[in-house]
Amino acid sequence: PILSLYKATDFDDAVDLCRKLTKNGGIGHTAGLYTDRDNTEAAKAKEAKMVGSVPVCRVLVNSPTSLAAIGSSFNFQIDPSFSLGVGTLGGSSVSKNVGPMHLLNFVDVAERQEHIEWFNLPSRIFFS
């Protein structure tokens, strides 16, 4: 296997590099962020910067991205799947992990219902 390693001078440089790499071939996919768990305020600030700067649909924090992105024992907040949605950022309509429910077509049938608030208005507005 081939593994790439990039070196950044600081966190801002790392986020910029991540954004450039994502735009090169992974818009909408997944980014990983490893932070200091003891300093939650600084970690949340880094997380917010990453979310606002890198065009992805999943930012995994302190998780192995190759496994956690597909939903696994490392991450129970993401549905298990082997097909990752990249959202409109990457040219798809789904930004979540694609599951069986995304592959089904549903038909919603709806009838008009009167809203109770309408009865508080003068009748000449809604009823002739």
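This is a short talk on how two helices pack together in one protein chain, and on the core beside them.

Hi everyone, and thanks for coming. Please keep in mind that we are looking at a predicted model.

Let me start with the overall layout. The protein chain has 128 residues, and 22% of them are buried. Along the sequence you will find four helices and two strands, arranged in the order α-β-α-β-α-α. If we take the contacts between residues at least 6 apart in sequence, 53% of them join residues at least 24 apart.

Now to the helix pair. In general, two packed helices are described by the angle between their axes and the distance between the axes. So what are those values here? Helix 1 covers residues 11–25 and helix 2 covers residues 40–53; their axes come within 10 Å of each other, with a crossing angle of roughly 30 degrees. Because angles under 35 degrees count as roughly parallel, helix 1 is described as roughly parallel to helix 2. As for handedness, the crossing of helix 1 past helix 2 is right-handed.

Which residues meet at this contact? From helix 1 we have Phe-11, Asp-12, Val-15, Cys-18 and Arg-19, and from helix 2 we have Lys-46, Lys-49, Met-50 and Ser-53. Sorted by type, the residues of this contact are four nonpolar, one polar and four charged.

Let me pick out one residue from helix 2, Lys-46. Is Lys-46 buried, exposed or partly exposed? With a relative accessible area of 35%, Lys-46 is partly exposed. Setting aside neighbours within four places in sequence, its contacts are Phe-11 and Leu-33. Phe-11 and Lys-46 lie 35 residues apart in sequence, and their C-alpha atoms are 8.1 Å apart in space.

Next, the core. The largest nonpolar core in the model is made of seven residues, namely Val-15, Cys-18, Ala-31, Leu-33, Met-50, Val-54 and Val-56. Helix 1 supplies at least two residues of this core, and so does strand 1, which spans residues 28–33.

A good residue to click on here is Cys-18. Which residues does Cys-18 touch, beyond its neighbours within four places in sequence? The contacts are Ala-31, Met-50 and Val-54, and these three also belong to the seven-residue core.

To close, here is one link between the two parts of the talk. Val-15, Cys-18 and Met-50 take part in the contact of helix 1 with helix 2, and they are also listed in the largest nonpolar core. Thanks for listening!

Notes: Residues are numbered from 1 along each chain as its sequence is written. This is a predicted model: local features need pLDDT of at least 70, side-chain atom pairs count only at pLDDT 80 or more; totals for chains, interfaces and linings use all residues. Side-chain values use heavy atoms; hydrogens and water are left out. Axes are lines fitted to C-alpha atoms, for helices over the stretch in contact, and angles run from 0 to 180 degrees between N-to-C directions. Angles under 35 degrees count as roughly parallel, over 145 as roughly antiparallel, 65 to 115 as roughly perpendicular and the rest as oblique. A crossing is left-handed if the near helix is turned anticlockwise from the far one by less than a right angle, and right-handed if clockwise. Contact means heavy atoms within 4.5 Å. Ala, Val, Leu, Ile, Met, Phe, Trp, Tyr, Cys and Pro count as nonpolar, Asp, Glu, Lys and Arg as charged, and the others, Gly among them, as polar. A nonpolar core is a set of buried Ala, Val, Leu, Ile, Met, Phe, Trp, Tyr and Cys residues joined through side-chain atoms within 4.5 Å. Buried means under 20% relative accessible area, exposed over 50%, partly exposed in between (1.4 Å probe, protein chains only).
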